Amino acid sequence: MVAWNAGQLRLAAGHDLTYHHGLELVFADPALVSCPSNFQDPAFRAASPDELLRVTRQLGEEPPVVVAFEADAGGPEPVSCLIAAERLEIVHETVLRYWREDAATGQRFAPWVRPPHR
């Protein structure tokens with residue numbers, strides 16, 4: 001997870017999240033987030049009828065976006081995750097997770113990256 005505030009949940013994906021990531025799932029106005037704060041290797045799937053019913057009962061209506069997936073959260077078994085939101089945007093862009101002076105056009109920095117103090 002890269003960022004989460006009341007208006008947006010941003011999940012990052014990449015082969016090696018140490019230095020950068022190249023894909024973000026941006027959930028606008030998330031109404032329900034049921035997943036651990038740290039997970040890896042998500043396997044996305046359609047939400048089951050039971051999951052859709054649960055979300056609808058909890059929110060009072062079926063949201064426009066419901067995303068379900070299984071992920072490795074460090075335990076012996078994968079965990080089931082569910083996110084409901086108003087919109088989903090898929091962003092393909094290199095996001096650097098460390099500071100560098102020569103960042104190329106089309107690259108941006110993760111929210112926590114700051115230039116070194118001089």
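**Aspartate 29**

I started with aspartate 29, which is partly exposed at a relative accessible area of 38%. The cut-offs are under 20% for buried, over 50% for exposed and partly exposed in between, with a 1.4 Å probe and protein chains only. I am working from a predicted model, where local features need pLDDT of at least 70, side-chain atom pairs count only at pLDDT 80 or more, and totals for chains, interfaces and linings use all residues. Numbering runs from 1 along each chain as its sequence is written, and side-chain values use heavy atoms, with hydrogens and water left out.

I placed aspartate 29 in the loop between S3 and strand S4 (32-34). Helices (H or I, at least four residues) and strands (E, at least two) are DSSP runs, numbered from the N terminus. I then looked up its phi. The value is near 50°, which is positive in a residue other than glycine.

**Aspartate 41**

I went on to a second aspartate with positive phi. Aspartate 41 has phi near 55°, and it is not a glycine either. I found aspartate 41 in strand S5, which covers residues 40-45. Is aspartate 41 buried or exposed? It counts as exposed, because its relative accessibility is 60%.

**The whole protein**

I stepped back to the overall layout. The protein has one helix and nine strands. In what order do the elements run from the N terminus on? I read β-β-β-β-β-α-β-β-β-β. The C-alpha atoms fill a box of roughly 55 × 30 × 25 Å along the principal axes.

I noted 118 residues, of which 29% are buried. Next came contacts, meaning heavy atoms within 4.5 Å. Of the contacts with a separation of 6 or more, 50% join residues 24 or more positions apart.

The exposed area is about 7600 Å², and carbon and sulfur atoms supply 52% of that area. These areas come from the Shrake-Rupley method with a 1.4 Å probe.

I also looked up charges, with Lys and Arg as positive and Asp and Glu as negative, leaving out His and the chain ends. There are 10 positive and 16 negative side chains, and the centres of the two sets lie 7 Å apart. Each charge is placed at NZ of Lys, CZ of Arg, CG of Asp or CD of Glu.

**Cysteines**

How many disulfides does a search of the whole structure find? I got zero. The test is a pair of cysteine sulfur atoms within 2.5 Å. For cysteine 35, the nearest cysteine sulfur belongs to cysteine 81, 5.0 Å away. Cysteine 81 is buried, as its relative accessible area is 1%.

**Nonpolar cores**

I turned to the cores. A nonpolar core is a set of buried Ala, Val, Leu, Ile, Met, Phe, Trp, Tyr and Cys residues joined through side-chain atoms within 4.5 Å. The largest has 12 residues, including Leu9, Leu25, Phe27, Cys35, Phe69, Cys81 and Ala85. Strands S2 (8-13), S3, S6 (65-72) and S7 (79-85) each give two or more residues to this core. Which element gives the most? S6 does, with four residues. Another core lies apart from this one; it has six residues, among them Leu32, Ala47, Val55 and Ala68.

I checked two members of the largest core. Alanine 85 is in contact with Phe27, Ala28, Asp29, Pro30, Ala31, Pro63, Pro64 and Val65, leaving aside neighbours within four places in sequence. So Asp29, where I began, is on this list.

Leucine 25 sits in strand S3, residues 20-28. Leucine 25 counts as buried because its relative accessibility is 15%. Its contacts, not counting residues up to four places away, include Leu9, Leu11, Phe44 and Ile90. Its C-alpha atom is 6.6 Å from that of alanine 12, which is 13 residues apart along the chain.

**Two buried charged residues**

Glutamate 51 belongs to helix H1, residues 49-59. It is buried, since its relative accessible area is 13%. It touches Arg45, Ala46, Ala68 and Leu82, not counting residues up to four places away in sequence.

Where is arginine 97? I found arginine 97 in the loop between strand S8 (87-96) and strand S9 (107-109). It counts as buried because its relative accessibility is 18%. I last took its separation from glutamate 62, which is 35 residues apart along the chain: the C-alpha atoms are 36 Å apart.
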